[in-house]
Amino acid sequence: MAHEKKQIVTAVALLVCVFLVGFWEIMSSYSNRALDAFKLSNDAFVGFEQSDKSKYIIKSVPVVTTVMEPNVAAFMIKPREQENDSIVLTRLVHGYNMCDCMKIKGYTVDLLADTRRGHESVTNNLPKQLQIWRLTSSSGGISIWVTSMLRSGDFSALAIDVRSMVFPRVGMEEDPSWVPRGLTWSSLKHPITNTKMMLQAKWNNSRCDIWTFLRLKQPSWASEDMLTLVSAYRGSAFTKEKEPAVMMNVVAAHVAIMNELKIWRKKTTEE
C-alpha cells in the first residue's frame, strides 16, 4: 500500500514537472514573437512646415523609417537672431525612458527643474509640463536636455515623468566594457563574477520585470500611446555661470517645437 502511494506521488510530481516545462516552453516561444509595428511613423511628417517663422528656423532631420523604429521625427532648431553656433536638436520618439537610456551610454543624468503639474511651486517661472536635465558624459562634457511627454493622438502635453517609462528601464549598473560571449574558457576563470554580470545584463534587458526575466512575458518596448519629446543643446562648451542662459534657450526652443508639432498634428488629422 505504501509502495502504491509512493508511485502515485511520483507520477503526480512528474506530471506537474511536465506541465510546468511545457507551460514555460509555450510562454517562452510566445514572448519571443515579433513586436507590433508602430502606427505613427515619420511618414506623418512628410512636408512638415512650421507655422510661425518669426523666431526660429526649424529644419527636419532624416530618421530611420522602418516600422519598428521608435524615432518618429527629428528637427534642428536655430534662433533667427543668434551670434554663436549653438543649436537645439529635437527628437520625437515613441514613449521611452530618456534617463535610463543615456545612463546605459555612460552619462550622468541630473534633474534641474520639473514643471509638471504638482511641481509648479518651485518652478513657476518656467513653461509647464517640462523636465529639464543636465547630462554629463564620461569625459566631463556637459549639455542641457529638456523632455516632455505627449499624447500620440493630438500631441498634447502630459504630466508624466519620463523616468516612469518602462523602456529601457535599468535596475543595476553594468560594466560598459563587459560583452556577453556565452560559455568560454576565459569565463570559467571567474565563474562567480561572470555569472553575476550575466544576470545583471539579463535583469536590465528584462526591464526589471520578473516575468520577462523568466521569459514568460515579452520585453517592454517603446510606448504606442505616448511620445517623448527630447530637446538637447548642441554648440559651444559653456561654464556653470552660463548654464541658466543655455537652459532658457533650450526651453524656449523646446516649447516652440512642441507648439509647432501640436499645430501640425491637428492640421494633418483634419485633412
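In this predicted model, Ser 231 sits in strand 8, the stretch that covers residues 226-234. With a relative accessibility of 0%, Ser 231 counts as buried. Its side chain is joined to that of Thr 90 by a polar contact of 2.8 Å. Thr 90 is also on the list of residues in contact with Ser 231 once the neighbours within four places in sequence are left aside. That list takes in Val 88 and Leu 89 as well, then Ile 144, Trp 145 and Val 146, and finally Val 250, His 254 and Ile 257. So a serine at 0% relative accessibility has contacts with several separate parts of the sequence, among them residues 88, 89 and 90 and residues 144, 145 and 146.

Stepping back to the chain as a whole, it has 5 helices and 8 strands. Read from the N terminus, these elements follow the order α-β-β-β-α-β-β-β-β-α-α-β-α. The chain is 271 residues long, and 37% of them are buried. Among contacts with a separation of 6 or more, 66% are between residues 24 or more positions apart. As for the outside, the accessible surface adds up to about 16600 Å², and carbon and sulfur atoms account for 59% of that.

Another buried polar residue turns up in strand 4, which spans residues 108-114: this is Asp 114. Its relative accessible area is 6%, and because that is under 20%, Asp 114 counts as buried. The side chain of Asp 114 has polar contacts with two other side chains. One partner is Arg 116, at 2.8 Å, and another is Gln 131, at 3.3 Å. Asp 114 can also be placed relative to Gln 129, which lies 15 residues away along the chain: the C-alpha atoms of the two are separated by 7.6 Å.

What about the cysteines? The structure holds 0 disulfides. Cys 99 is in no disulfide, and the nearest cysteine sulfur to its own is that of Cys 101, 9.8 Å away. Seen from the other side, the closest cysteine sulfur to that of Cys 101 is in Cys 99, and the 9.8 Å between them is too far for a bond, because a disulfide needs the two sulfur atoms within 2.5 Å. Cys 99 is buried, at 3% relative accessibility. Cys 101 counts as buried too, at 17% relative accessibility, a value that falls under the 20% cut-off.

The last stop is on the surface, where Ile 8, Val 12 and Val 16 form a nonpolar patch. Together these residues have about 260 Å² of accessible area. One of them, Val 12, belongs to helix 1, which runs over residues 2-31. Is Val 12 buried, exposed or partly exposed? At 45% relative accessibility, Val 12 counts as partly exposed, because that value falls between the 20% and 50% limits.

Notes. Residues are numbered from 1 along each chain as its sequence is written. This is a predicted model: local features need pLDDT of at least 70, side-chain atom pairs count only at pLDDT 80 or more; totals for chains, interfaces and linings use all residues. Side-chain values use heavy atoms; hydrogens and water are left out. Helices (H or I, at least four residues) and strands (E, at least two) are DSSP runs, numbered from the N terminus. Buried means under 20% relative accessible area, exposed over 50%, partly exposed in between (1.4 Å probe, protein chains only). A polar contact is a pair of N or O atoms within 3.5 Å; within protein, one must be able to donate a hydrogen and the other to accept it, and residues adjacent in sequence count only if both atoms are side-chain atoms. Contact means heavy atoms within 4.5 Å. Accessible areas come from the Shrake-Rupley method with a 1.4 Å probe; for residues, only the protein chains shown count as cover. Patches are made of residues with over 30% relative accessible area and no salt bridge: like charges are joined within 9 Å, nonpolar side chains (Val, Leu, Ile, Met, Phe, Trp, Tyr) within 5 Å. A salt bridge is a side-chain nitrogen of Lys or Arg within 4 Å of a carboxyl oxygen of Asp or Glu.
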